[in-house]
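This briefing introduces the structure shown below to a reader meeting it for the first time. It takes each chain in turn.

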Amino acid sequence: MRTPLAVLIALLAVTVFQMCKPQAPTLISGTDAAIKAYVPPGKYDEFYNFVSGGFSGQMTVYGLPSGRLFRVIPVFSEDPTTGYGYSEETKAMLNTSHGYVPWDDLHHPAISTTRGEHDGRWVFGNANNTPRVARIDLKTFRTAEILELPNSGGNHSSPFITENTEYVVAGTRFSVPIGDKTDVPISSFKENFKGYISFISVDPKDGKMNIAFQLKTPGVSFDLSRAGKGPSHGWFFFSCYNTEQAYTLLEVNASQKDKDFIMAVNWKKAEEYIAAGKGEKVKARYARNRYDETTHTATSEILTEVLQLDPAQLKDIIFFIPCPKSPHGCDTDPTGEYIVGSGKLAALIPVFSFTKIQQAIANKEFEGEFAGIPVIKYEAALHGEVKKPGLGPLHTEFDDRGNAYTSFFVSSEIVKWNVKTLEVLDRVPTYYSIGHLCVPGGPTRKPHGKYVIAYNKITKDRYLPTGPELTQSAQIYDITGDKMKLILDFPTIGEPHYAEAIPASIIMPQSVKIFKLEENKHPYAALGEGQAKVERKGNQVHVYMTAIRSHLTPDNIEGVKLGDDVYFHVTNLEQDWDVPHGFAIKGANNAELLIMPGETATLKWKPLNIGVFPFYCTDFCSALHQEMQGYIRVSPAGSAVPLKYSTGKIEDAAIDASR
Amino acid sequence: MVSAYFVPLWQILMWAPQYPEGLEMKIWINTLTGDVKIISALNHYIGMKHIEVAMFPEFGYMIYIVGAIIGTGLVAAWWGTRMGLWTFLLLLLLTGVSALVDFYLWGYDYGHNLDPTAAITIPGMSYQPPLIGTKQLLNFTAFSGPDIGGWIFITATALVAATLLYEHFIRKQKP
């Protein structure tokens, strides 16, 4: 009798123990989720979502709420698919003072604004590794300009923009030794290392970028930033960590102080000092690369000077505001009155008031100085703290109803709270460990407040596994009701950091369909088959080639010799929407070309062997795309084979380029 | 009718699975507009000629014909007799019919006189565009019909005819 009883008790104990074990979260999403994220075939999404590609170096374009991927825009990384960075025309885009840099790490997009609202002219992106800012034209979705930043060690707090896109900022994540004293011991950090903030002016007509001025700031790490808006227009706010000025094991050594800073910059004041001639021109070396849409060609220039201001000498440009524990996000609300600091190790969210900051400055309510810069008293600048919001706040976006949405990396959730009352209203888990988040129009004066999108750092079990390397992912939540509702997971390219979303109605009507042939000013363009030809200049052979459905002209080329450099300048003669042609040749050591209608692009090809080499169109352009092919003959160096070329000529017919 | 100089007279519209937005060709008094180059680029696969303004001598003299018609109309109005109006109607109808015949003949040649070396040849297939109305040509649905200018001409002709009918049947019966 005793044994069965013991077994029974044991079974019961196991059952009870199992019942007590906490269950893994099983929440999926509401039953109406599918319909909310569903965009029927052939219908358009409501928003464009410009998402950073992180370590892919590119920017991706998705539709919301469907999460469908439309395009990967090559920005800081070369792209053999389109030939970006490989074609003779685009190599210059990736030039820097360090030479050609084929890769970077893009963290933050910023869509241009007018009066604090998204205007859809350009989207900017930052290069976190080799410090640069790119401007992408939203008519063509192509990178139009890349500007390198001197005196920067890593461009993280960038490319945030002022209300009317007057400036794009770039703050260095690494302070670095600068000027003549760069070969210094790393341990001399406090003495020799400086941080710099660059204010890049943007020409309102054509978007051309120029470093207007740099602010010399103490040697700390700048993390993120946001411009003021409305009443706080004229100010900029930067979060900074490592005010301990550690140079090793920052994980520990930069986490010692209870508070780091948010740096408030009065850029209107900086403009006054510049107008008064207080700026100092300092030698520097940095590249500026611009893409010309009429020549379809980029040019790179190295600039040698930059204008600097020293806020330790010139008072009232910058002020520090203490902010708990290594602040990361530093976000201004749509009214421009509130600045949300997110200490990534803090268990509360401080919200600062612009009015109070102004009063504190006027009343000199300072608690001291840091490297010669006044530090405003924490309480004097504070609107209030959001208590117990979660663990590890990172970033905050806003809706149009006075609510804020803060991402929490450690507790893996989005928390909704009221900006004025600081009351926590709702929280929803993310899968897993959210980094940035995005509300359409969220950083502007006019948020559209329909969705919040989580860009996660960990994906784990959310998708079918693909070996140790898994997809990256984002999640869309409906925020129209009181409770946030998960409606869709979608995979992303590269690791997504920040993203912005803009109504499709702003971008869609301006989207370019073709490049007009009559506006093509490429020096090697063949604007009709009659202009197709092959020219020899020393050991350079220039092929002026045309592509139209479904042939390349010329498609038979002879007289190329070993040791020659062959340049295929291919012009797509199509003037019809969505008819690109491609160009690839056997043994090319670089890439292929994708040439849009009306465009000219050049592939350099150096043959290493004699023989006959095929080339063909790579973009399935028509029913006879497979027939769109040709041959080039390579003869030994010193061979007597004459240069000749043709299309549609049988046997050795006479050369007729004037057809 | 003077507006014929400023608006297209005839239109040809085409749709295909790859062209849901459609392609159009507008025929004016002295020129062609629209997606003519794209249509030509597509049609070369089946050996159709490249459509150019120069291949239509009509564009050289149509302005004079229309001018003469308008002149006749003005003379008829000034003359103010039924005879004048009859002449004008006859002229309008004759012009309309000969324009359609001319268009048909061109369409027949364009659709039948194909390049024998064309990439796509389908035995027995011809691609004559519809004279008026809709027709399926391979993957394209083609429509041909009057444009604004054409409708103005048709309306004018109808008005002249209506006036004459009114004069003939109703006014006559009145004492």
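In chain A, 51% of the 659 residues are buried. The model is predicted, and the points below describe the build of chain A and then of chain B.

**Chain A: secondary structure and compactness**
- The secondary structure of chain A consists of eight helices and 46 strands.
- Chain A has a radius of gyration of 29 Å, close to the 26 Å expected from the globule rule for 659 residues, and is therefore as compact as a globular protein of that length.

**Chain A: dimensions and contacts**
- The C-alpha trace of chain A extends about 95 × 90 × 50 Å along its principal axes.
- Of the contacts in chain A with a separation of 6 or more, 61% are made by residues 24 or more positions apart.

**Chain B: secondary structure and compactness**
- Chain B contains four helices and five strands.
- Their order along the sequence of chain B is β-β-β-α-α-α-β-β-α.
- The radius of gyration of chain B, 20 Å, is well over the 16 Å that the globule rule gives for 175 residues, so chain B is more spread out than a compact globule.

**Chain B: dimensions, burial and contacts**
- Along its principal axes, the C-alpha trace of chain B measures about 70 × 30 × 30 Å.
- Of the 175 residues in chain B, 17% are buried.
- Where contacting residues of chain B are at least 6 apart in sequence, 55% of the contacts join residues at least 24 apart.

Definitions and conventions
Residues are numbered from 1 along each chain as its sequence is written. Chains are lettered from A and ligands numbered from 1 in the order in which they are written. This is a predicted model: local features need pLDDT of at least 70, side-chain atom pairs count only at pLDDT 80 or more; totals for chains, interfaces and linings use all residues. Helices (H or I, at least four residues) and strands (E, at least two) are DSSP runs, numbered from the N terminus. The radius of gyration is taken over C-alpha atoms; the globule rule is 2.2 Å times the number of residues to the power 0.38. A residue is buried if 20 or more other C-beta atoms lie within 10 Å of its own, exposed if 12 or fewer, and partly exposed in between; C-beta atoms are placed from the backbone. Two residues are in contact if their C-beta atoms, placed from the backbone, lie within 7 Å.
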